[in-house]
Amino acid sequence: MADLSDRHLLGIEGLASEEITLILDTAESMVEIGQREIKKVPTLRGKTVVNFFYEPSTRTRSSFEIAEKRLSADIVNFSASGSSVSKGETLLDTARTLEAMEPNFIVIRHGASGAARFLADRCRASIINAGDGMHEHPTQALLDAFTMRRHKKKLAGLNVAIVGDITHSRVARSNAYLLTTMGARVTFCGPATMIPPHVECLGARVESRMEKALEGVDVIMMLRIQRERQSRLALPSLREYTRLYGLDRRRLNLAHPEALIMHPGPINRGVEIADDVADDPRSVILEQVANGVAIRMAVLYLLARNWDAHEAA
Amino acid sequence: MTATPRVLMDAGKMDRTLARMAAEIRERESDTLAVVGIRTRGVHLAARLRDKLQRIDDRQVDFGILDINLYRDDLSMVADHPVLRKTEISFPVSGRRLVLVDDVLYTGRTIRAALDALTDLGRPTAIQLAVLVDRGLREVPIQPDFIGMAVPTQADQHVRVLVREEDGVDRVELGERVLPKREKP
């Protein structure tokens, strides 16, 4: 297979393993461009990308932006604060306004689950979901898988523990879809109040005790505790969370000796991850960031080919 | 379906042709020479030219692989998208005399894309073009420096270069109808 079946990337759910492999393989070639003296290819010349970020985001937005620039696209950034959104415009009206500018891609980050699908149903542009509510964050899962594959050679058979607030995490959801599709085994771990009901339909095992969840795993993925939303957090106190679910040296030793330590960032040192663990040689947190650019280049490139094919047809 | 394609070159003739091309390449300045193949079949032809050049001089000739997919001007038009693969040129191209190798020269668009790709990597002192088959019908002003065989063709014909590394056999065929896209832009 050399093409994606859809012209949007709205989520990992529904992607075939061949499509995931295609994106990861294409990203391998994109890494090479990042190592050149001139880190730019003309592939998306004359194409316009709107980066439409309703929620604050530094790393995802800048990662998309670098990817777009390396492919020579023209970029328009659009964020909720200081735009028409804060003046009360609805998502639909904003979508129509954006559409009138005839972008080729809209990269959207939004607090509402399903926002990317909403745009995809109403716009001619290819939509890339950069995180929608509690639903999915597909490029994050892809860059996580890419990072795992580069270290562990293949995804099938890997044991991956994902620890934290699973209920509110689109990263956990996208990762579960991706990893189970590729034949890895996923274990979710967190306080019962942070595990959603019917979680088994994501194909993951649930373990409430962290010591048990980490036993012999190849990858530990820690999720961020969203301290800014502490009022909404189902937690008695951060200290208790750290005591029960923080990744420290002692717990790390339960995992496979060469286990990877991952985190989508930004990390809360001393909360979900101990200081020395975050800086452990097995931590690939910064590599995840670097790989994000290659993955987003791959997604843009593969969708652009589809977009053009649809135009020509 | 169409009539059996006409064989323009068999394995023996292909090898003799490449040997002659290597000799011609060797005749020009060779201190800074490096050979770069265009994916997919150009790579195998380039590797054979490199081997022959190394035998002539008994010294190392640098070798690189170019993937031009990110430089194409027809992202849209090709029905059958190849998988993007890595460009692998491990030596600095600046100051080198590069011989770019492809299997068939047709519209010239692949070569135009390859020139863009190469110049993004540095400033070679010269870029020359070696092709096994020049079938004419150029759409951009590009001419080869080293030609294995020139064959006048019609647009509705197709020229296929088969190499043993990919196809199990060394052969060049001329057929009467365009097969599922193998011709380059």
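B:Glu176 counts as partly exposed because 14 C-beta neighbours lie inside 10 Å. A buried residue would need 20 or more such neighbours, and an exposed one 12 or fewer. The model is predicted. B:Glu176 sits in the segment after β8 of chain B. Its C-alpha atom is separated by 37 Å from that of B:Ala126, with the two positions 50 residues apart along the chain.

**The antiparallel sheet of chain B**

The strand just before that segment, β8(B), belongs to an open sheet of 3 strands. The order is β1-β8-β7, and the pairing is antiparallel. At the edges are β1 (6-9) and β7 (158-162) of chain B, each pairing on one side only. Neighbouring strands in this sheet are turned by 30° against each other on average, direction ignored. Strand β8 of chain B covers residues 171-175 and pairs with β7(B) over 5 bridges, in the antiparallel sense. One bridge can be placed by residue: B:His158 has B:Gly175 in β8(B) as its partner. In general, strands of a sheet pair through backbone hydrogen bonds, either parallel or antiparallel.

**Parallel pairing around β2**

Elsewhere in chain B the pairing is parallel. β2(B) pairs in this sense with β3(B), and it also runs parallel to β4(B). The table lists bridge counts and residue pairs.

| Strands | Item | Value |
|---|---|---|
| β2(B) and β3(B) | parallel pairing | 5 bridges |
| β2(B) and β4(B) | parallel pairing | 5 bridges |
| β2(B) and β3(B) | opposite residues | B:Ala34 and B:Asp62 |
| β2(B) and β3(B) | opposite residues | B:Ile38 and B:Leu66 |
| β2(B) and β4(B) | bridge partners | B:Val35 and B:Val99 |

How does the chain get from β2(B) to β3(B)? It crosses through helix α2 of chain B, residues 41-57, and this β-α-β crossover is right-handed. β2(B) itself is mostly covered, with 5 of its 6 residues buried. In a regular strand the side chains alternate between the two faces of the sheet.

**Helix α3 and its cover**

Which residues of helix α3 (residues 109-119) of chain B are buried? They are B:Thr110, B:Ile111, B:Ala113, B:Ala114, B:Ala117 and B:Leu118. These residues cover an arc of only 160° around the axis, so they lie on the same side of α3(B). An α-helix has 3.6 residues a turn, so residues three or four places apart point the same way. What covers the buried residues of α3(B) includes β2 (33-38), β3 (62-66), β4 (97-105) and β5 (126-134) of chain B. β2(B) thus appears both in this cover and in the parallel pairing with β3(B).

**The contact between chains A and B**

The two chains meet through 20 residues of chain A and 16 residues of chain B. On the chain A side, the elements giving two or more residues are α1 (17-34) and α11 (285-312) of chain A. α11(A) gives the most, with 7 residues. By class, the chain A side divides into 9 nonpolar, 3 polar and 8 charged residues.

Notes:
Residues numbered from 1 in each chain as written. Chains lettered and ligands numbered in written order. Predicted model: local features only at pLDDT ≥ 70, side-chain atom pairs only at ≥ 80, totals over all residues. Contact = placed C-beta atoms within 7 Å. Helix = DSSP H or I, 4+ residues; strand = E, 2+ residues; numbered from the N terminus. Nonpolar A, V, L, I, M, F, W, Y, C, P; charged D, E, K, R; others polar. Pairing = 2+ DSSP bridges. Axes fitted to C-alpha atoms, helices over the stretch in contact; angles between N-to-C directions. Arc of directions from axis to C-beta. Right-handed = clockwise from strand over helix to strand, strands pointing away.
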